[in-house]
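This report goes through selected local features of one protein model, from a pocket and a metal site to single residues.

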Amino acid sequence: MKNRILLTALLLSVFVLIGCFIFVRPTEHTETFFAMDTFMSVTAYGRQAEEAVLKVREAIIREDALWSVTNERSDIFLVNRKGSGEVDSETAELVSFALDMAKETGGALDPTVYPILSEWGFTKSEHNVPSEEVIEEKLKLVGYERANVRDNTITLSEGTQLDLGAVAKGFASNKAVEILTKNGVNSALIYLGGNIYALGGKSDGRPWLIGVQDPVALDNVGVLELVDAAAVTSGNYERYFTADDGTTYGHIIDPATGYPVDNDLLSVTVVSPDGAVCDALSTALFVMGSERAEKYFLSHSGFEILLITKSDEIIISSALAEKFTLADRKNYTVRVI
Ligand code: AMP
Ligand code: MG
């Protein structure tokens, strides 16, 4: 009898323990998918993780369908074809943001660069080196002041066309964070191509560790500790082509010249709680080159930077330097600003 009571008690405690484990253990859910021309992956922790991550995936797929320059039914395709049009409120918000950042960066970021980009063939992967005459001609159509947003209507000057490739993923990462937090998630890692957003810390409370890609090798130059912040990297090593004469041309265009950026920078990483700002600035600072980028950083606030130069230098802002660990066996010199 006594043995039976003991056995029952033992079994009961085992069931209770298993129950507690299932109930208390943080659940994790990951979705990987292809959107906005890149591989994406969203991992969230918490009891509502699965539901929240599925909502994020749905939102990004919807945004891709609105903002793609090649999808004939997208808001951007229609506005580019017709020169004006009423768009989804999120599209209007994004274009408005991109135009503000274009002004703010003196046109280093310019969402009207599409006529030039398509001559270089980057949008359709049919690469081509345009003649100087063509570049000169198409440059006349580029300029953020040639695009306008009022309410949900976008208007473009004759021949001007938009491309949101430099800002869409960062903007989408902010929207993803909104969706996750609204759905009870406070620990997640959102990876949208070169755009990363670390929501909260890891499920154990420690910071997320994010590798910063070495632009000339397949590994990382180091790792960043991130909590509630985005890290976005831009560089011409990400997408480029090599012409018949051996010259390589990258996908980030200097809107002042119409040619792919070729300055002293290999990559720019921007860290801030605002993913859209990170995305806009990583592209813009890459266009500027290290000297102008450093000046821009010193005269603005709300973000941190890590620049990698062709002379093997890492230029890093002081607050970010505290969260950065250089990988072993890397020959970069680090300069803190
Ligand atoms: P990112 O990877 O965020 O730096 O964005 C690069 C993408 O933005 C390119 O693939 C083009 O679609 C587009 N783009 C290239 N140059 C510029 C520029 N100067 N301003 C705005 N968008 C650009
Ligand atoms: Mg960008």
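## Basis for the pocket

Strands are DSSP runs of at least two residues, numbered from the N terminus. A pocket is an open set of grid points with protein on both sides within 12 Å along at least five of seven lines, and its lining residues have an atom within 4 Å of a point. The model described here is predicted.

## Second largest pocket

The second largest pocket has a volume of about 310 Å³. Its lining is made up of 15 residues, and those closest to the centre are N236, T248, G250, V261 and D262. Two elements, strand 12 (248-250) and strand 13 (265-272), each give two or more residues to this lining. Strand 12 gives the most, with three residues.

Sorted by class, the lining holds eight nonpolar, five polar and two charged residues.

## Magnesium site

The magnesium ion (ligand 2) has as its protein donors A166 (O), D279 (O), D279 (OD) and T283 (OG1), at 2.1 to 2.4 Å. D279 thus appears twice in the list, through O and through OD. Along the chain, the donors follow the spacing A-x112-D-x3-T.

D279 and T283 both belong to helix 8 (residues 275-288), where they are four residues apart, about one turn of the helix. Both D279 and T283 are buried.

## T233 in strand 10

T233 sits in strand 10, which covers residues 229-234. T233 counts as buried because its relative accessibility is 16%, and the cut-off for buried is under 20%.

The side chain of T233 makes a polar contact with the side chain of T269, at 2.8 Å. With neighbours within four places in sequence left aside, the contacts of T233 are G194, E238, S267, V268, T269 and S282.

## The loop between helix 5 and helix 6

G121 and F122 are both found in the loop that runs between helix 5 and helix 6. Helix 5 spans 114-120 and helix 6 spans 132-139. G121 has a relative accessible area of 5% and is therefore buried. F122, at 9% relative accessibility, also counts as buried.

Apart from residues up to four places away in sequence, F122 touches L117, H127, R239, Y240, F241, Y249, G250 and H251. One of these, G250, is also among the residues closest to the centre of the second largest pocket. Under a like exclusion of sequence neighbours, G121 is in contact with E126 and H127.

Two C-alpha separations place this loop further. F122 and E137 are 15 residues apart along the chain and 18 Å apart in space. G121 and T27 are 94 residues apart in sequence, with 44 Å between their C-alpha atoms.

## Positive phi at two aspartates

Which phi value does D228 have? It is near 50°, a positive value in a residue other than glycine. D228 lies in the loop between strand 9 (220-226) and strand 10. With a relative accessibility of 39%, D228 counts as partly exposed.

D312 also has a positive phi, near 55°, and is likewise a residue other than glycine. The loop that holds D312 joins strand 14 (304-309) and strand 15 (313-316). Its relative accessible area is 38%, so D312 is partly exposed.

Technical notes. Residues numbered from 1 in each chain as written. Chains lettered and ligands numbered in written order. Predicted model: local features only at pLDDT ≥ 70, side-chain atom pairs only at ≥ 80, totals over all residues. Heavy atoms only, no water. Buried < 20%, exposed > 50% of the residue type's maximum accessible area, 1.4 Å probe, protein only. Polar contact = N/O pair within 3.5 Å; in protein donor to acceptor, adjacent residues only side chain to side chain. Contact = heavy atoms within 4.5 Å. Donors = N, O, S within 2.8 Å, 3.2 Å for Na, K, Ca; no water. 1 Å grid on protein atoms, 1.4 Å probe; cavity = no way out; pocket = protein on both sides within 12 Å on 5 of 7 lines; lining within 4 Å. Points joined across faces, edges and corners; volume = space filled by probe spheres on them. Nonpolar A, V, L, I, M, F, W, Y, C, P; charged D, E, K, R; others polar.
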